[in-house]
Amino acid sequence: MTDDLCEQMAFSFFKEIEVDKKTPAIERDFDTEEDALFALLESKNDEQQLPPEETPSGEQFFSASEEEETETEIDAAADQIIANLDAEFAINTATGDFTQEIADTVAEVEAEEEEAIEETVVTIRRKNAFPELTEQHLRRAALGFLATLKPESLGLNFPSGIARIKVDAGAYFFGPGRTPVVDRTIAVVTCIDRNKCWIDASLKADLLEMLTKAQEEKAALEEELKVREPDLKDDSLFPEAQIWDFSRARSRKYKSCLKKIEKLEYSIYHGSKFERMMFEQLADEFYLVVPAGLITAAELPEEWGLVYVAEDFSTTVIREAKKCECPQEKRTIFALRAAASGYGDLLFANGISITKDGTSRFHLPPKRRKAYC
């Protein structure tokens, strides 16, 4: 046999085997019983290896009824989801309205609470409010103002040496030397009523207005003199310590303004405490202590300082006092009178009183009282 013939026979033989394998074992013809039994066992093993519900390609079979049931379940789930969303939206809408109502109610309650708190605060403030300012309160405020200047000692409502005039509050200071020498004194006048500050003040309202305008004119002229007459400035090395001496000014207009102010001040203050205390050279510095806004600084002599007192007795310096001429003798007398003014209060605070026959009598010191009672 040739090689080609052998190959054809072998191909036909293997082809028959493949056909036999595709044919079920029951339908095939076998030469012996052993071959048939062996083929039957192989077919059983192949059936056990494949899943009953899967094809060799891995696809799954579904019947028409199963597909319909699946679609029905999907539709039911979708309807349920939509129903849940609708219910959630309705709940959120109702909750939003309810939340707005709660917010409005809370705002109303908070507003009522704030009003009640404000009323309570006002009531407490009225209960603990400071009393209305009196002459005594002004004197106490003046003492507080003087105490901030750190004087050697203070005095309250002591005689000035001038008939019918008392110093409402005063302070004195010692010099830097070893021997205590009074080198500075301050006199304070208090005034609770504007009409009592000057004699016939109601008739001098026009003069006060004229005085205010004249002082404004003077300030404007001084600014012009700083440019026109720079030689009026002293030769200090430090600019902040330089002082302008306008008394040497050559301007006739400025000198005329000074004379006008002098005449107006004499007409207004003649016979008043201001004029008499300055004329007698009672102290080095003078201050007027009044309730806030009662008097302006322009209504006072240029040498006088002005201090405002608030409702809580706090003080504000509106204008500093200028130093006036005061002899050393009068400084010493002023200091002695100021120191002697606290003699009675010192004895009373320590439980000591002086009888008519001049003997001392001791008793319990008074209790410390509240500041604003």
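The accessible surface of this chain comes to about 27500 Å², and 55% of that belongs to carbon and sulfur atoms. Keep in mind that this is a predicted model. Of the 373 residues in the chain, 24% are buried. As for contacts with a separation of 6 or more, 52% of those in the chain are between residues 24 or more positions apart. The secondary structure consists of nine helices and eight strands.

I will go through the strands, then helix H4, then the cores, and finish with one residue in H5.

E1 and E2 are antiparallel and pair over six bridges. To place that pairing on the model, take Ser 153, whose bridge partner in E2 is Tyr 172. The hairpin of these two strands has six residues between them, and there Gly 161 takes a positive phi near 90 degrees.

Next is E4, which covers residues 285-291. How many of the residues of E4 are buried? Seven of the seven are, so the strand is largely enclosed by the rest of the structure. E4 pairs with E3 in the parallel sense over five bridges, and Ile 186 has Glu 285 in E4 as its bridge partner. E4 also runs parallel to E5, with six bridges joining the two. In that pairing, Pro 291 is bridged to Val 309 in E5.

Now helix H4, residues 135-147. The helix has 13 residues, which at 1.5 Å a residue should span 18 Å; the end C-alpha atoms are 18 Å apart, so the two values agree. The buried residues of H4 are His 137, Leu 138, Ala 141, Ala 142, Phe 145 and Leu 146. What do they pack against? Six strands: E1, E2, E3, E4, E5 and E6.

Gly 144 is also in H4. With a relative accessibility of 37%, Gly 144 counts as partly exposed, because buried means under 20% and exposed means over 50%. Its C-alpha atom is separated by 8.1 Å from that of Thr 315, although the two residues are 171 apart along the chain.

On to the cores. The largest nonpolar core has 41 residues, and the members that touch the most others are Met 277, Phe 286, Leu 288 and Trp 304. Two or more residues each come from E2, E3, H5, H6, H7, E4, E5 and H8. H6 gives the most, with six residues. Apart from this core lies another, of 17 residues, including Leu 138, Ala 141, Ile 186 and Val 188. Two of those names came up earlier, as Leu 138 and Ala 141 are among the buried residues of H4.

Trp 304 deserves its own contact list. Leaving out residues up to four places away in sequence, Trp 304 touches Val 189, Phe 274, Met 277, Met 278, Phe 286, Tyr 287, Leu 288, Arg 319, Glu 320 and Ala 321. Met 277, Phe 286 and Leu 288 on that list were also named with Trp 304 as touching the most other members of the core.

Last, Gln 215, in helix H5, which runs over residues 205-228. Is Gln 215 buried or exposed? Its relative accessibility is 14%, so Gln 215 counts as buried. Setting aside neighbours within four places in sequence, Gln 215 is in contact with Ile 261, Glu 265, Ala 298, Leu 300 and Glu 302. Of these, Ile 261 and Glu 265 fall within H6, residues 252-269.

Conventions
Residues are numbered from 1 along each chain as its sequence is written. This is a predicted model: local features need pLDDT of at least 70, side-chain atom pairs count only at pLDDT 80 or more; totals for chains, interfaces and linings use all residues. Side-chain values use heavy atoms; hydrogens and water are left out. Helices (H or I, at least four residues) and strands (E, at least two) are DSSP runs, numbered from the N terminus. Buried means under 20% relative accessible area, exposed over 50%, partly exposed in between (1.4 Å probe, protein chains only). Contact means heavy atoms within 4.5 Å. The expected span of a helix is 1.5 Å times one less than its number of residues. Two strands pair if DSSP finds at least two bridges between them. Accessible areas come from the Shrake-Rupley method with a 1.4 Å probe; for residues, only the protein chains shown count as cover. A nonpolar core is a set of buried Ala, Val, Leu, Ile, Met, Phe, Trp, Tyr and Cys residues joined through side-chain atoms within 4.5 Å.
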